[in-house]
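Got the model open? Let's take a walk through it, starting at a serine and ending among the aromatic rings.

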Amino acid sequence: MAEARMEFDKIALGRKQVGPLHLRADDLREACSALPNLCDLEVSFARCPSTFNNKCIQEAFFYPNCRKMDRQEAYQNLDAIMFALHGIKLSSFKVDRLPLEVFRMPNHRSQWFAHAQSFHSLSSLNLTLDPSGLQGPTSAFRAVNGLGRILQLATNIKHLKLAFHPYSSEHSKFALSFRELFFGFTYTQLTDLMLEGVSCDEEDLKEFLGRHGSTLVRLRLGGRGLAKPFEASHGGIHLYEGTFRSLFTGLHKRLPKLERMHLEGIFDCEHQDLPSHESYNFYPLNDENWEELPKPGWVRSSRNTISSLPFEQYVLHGGTYPGKNALMQLDD
């Protein structure tokens, strides 16, 4: 611990001496312009920097409450990155922990709108958004509207991930309307989609997914979220209207080209007093590259954690809906 503190203080001092990224926006743009083969860019506020060699510091990044963020500086640094990417034809763009409120503030909104034209060349877009800085439904609506405008610039993407990680309330889900986000927009080449940590209306979600039925091959709903290493996954899906039985039955009919589906995290419905209520806790079977994973150590029957394979088989091939019978396969 003492060595970790010394190393952290040393690196923190170095960061102060160098200064924040946004103060060198022109240098960053010049550097990016000098890289003719630049096609993939990843920005992370959630991963341990490679310069940290201390095991204690590395492990601290597994715990969301240890990932402190200066939100004002993050807005400005992201603006600088967007400025640097102007005119560059990227293939993939990824941000882990993007403050969602950046899309409701006029000065930052305009920066993204002005310089995100390069998103037209993207084939992969991966955004993990933090809605913790939003204050009230009006703020959320404006932020979602701004995010939607950015997403619709990426007209040629094949792989899309939208995850919501609410750092202020790690177990909660972000209420999302796909109608307000996309206004009927369809990705004509989308083959892979991942949605994580959202609370939505079943019909709204089903309609959005159904619009991509002619191209969608792989679908991931839910994810790890902000779970600590010893916790079950947090990033599931919540339905404030509708049922999972109706959702999955609809997907079986509307996604004829689907080859793989994966569910992870807690899936539940709003109306817990109705007979149609469903609640499941899915553990991951494979990673985002569809590589098989060993069963996590936190899986046990006391948590009611189950495999999503019966639901995948139902959506792909039909048959008998697994429903609450899936709970019979609880792992010890």
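What follows looks at one loop residue, then at ring pairs, then at arginines over rings. Keep in mind that this is a predicted model.

Start with S118. You'll find S118 in the loop that runs between α5 (106-115) and β3 (124-130). Is S118 buried or exposed? Its relative accessibility is 8%, and because the cut-off for buried is under 20%, S118 counts as buried. And what does S118 touch, once you set aside its neighbours within four places in sequence? The answer is L85, G87, I88 and L90.

Now for the aromatics. Searching the whole structure turns up 16 aromatic pairs. One of them joins F185 and Y187 in an edge-to-face arrangement, with 4.9 Å from centre to centre and 85 degrees between the planes. F185 and Y187 are both buried.

Another pair, F244 with F248, is stacked: the planes are 25 degrees apart and the centres 6.0 Å apart. These two sit 4 residues apart in helix α9 (residues 244-254), so about one helical turn separates F244 from F248. Both F244 and F248 are buried. They also belong to a wider group, as ring pairs link F244 and F248 with F267, Y280, F282, F311, Y314 and Y321 into a cluster.

Finally, swing over to the arginines. R97 lies over the face of Y167, 3.5 Å from the ring centre. With R220, the ring underneath belongs to W290, and the distance to the ring centre is 4.8 Å.

Technical notes. Residues are numbered from 1 along each chain as its sequence is written. This is a predicted model: local features need pLDDT of at least 70, side-chain atom pairs count only at pLDDT 80 or more; totals for chains, interfaces and linings use all residues. Side-chain values use heavy atoms; hydrogens and water are left out. Buried means under 20% relative accessible area, exposed over 50%, partly exposed in between (1.4 Å probe, protein chains only). Contact means heavy atoms within 4.5 Å. Rings of Phe, Tyr and Trp (its six-membered ring) pair if their centres lie within 6.5 Å; planes under 30 degrees apart count as stacked, over 60 as edge-to-face and the rest as tilted. A charge sits over a ring if NZ of Lys or CZ of Arg is within 6 Å of the ring centre and within 35 degrees of the ring normal.
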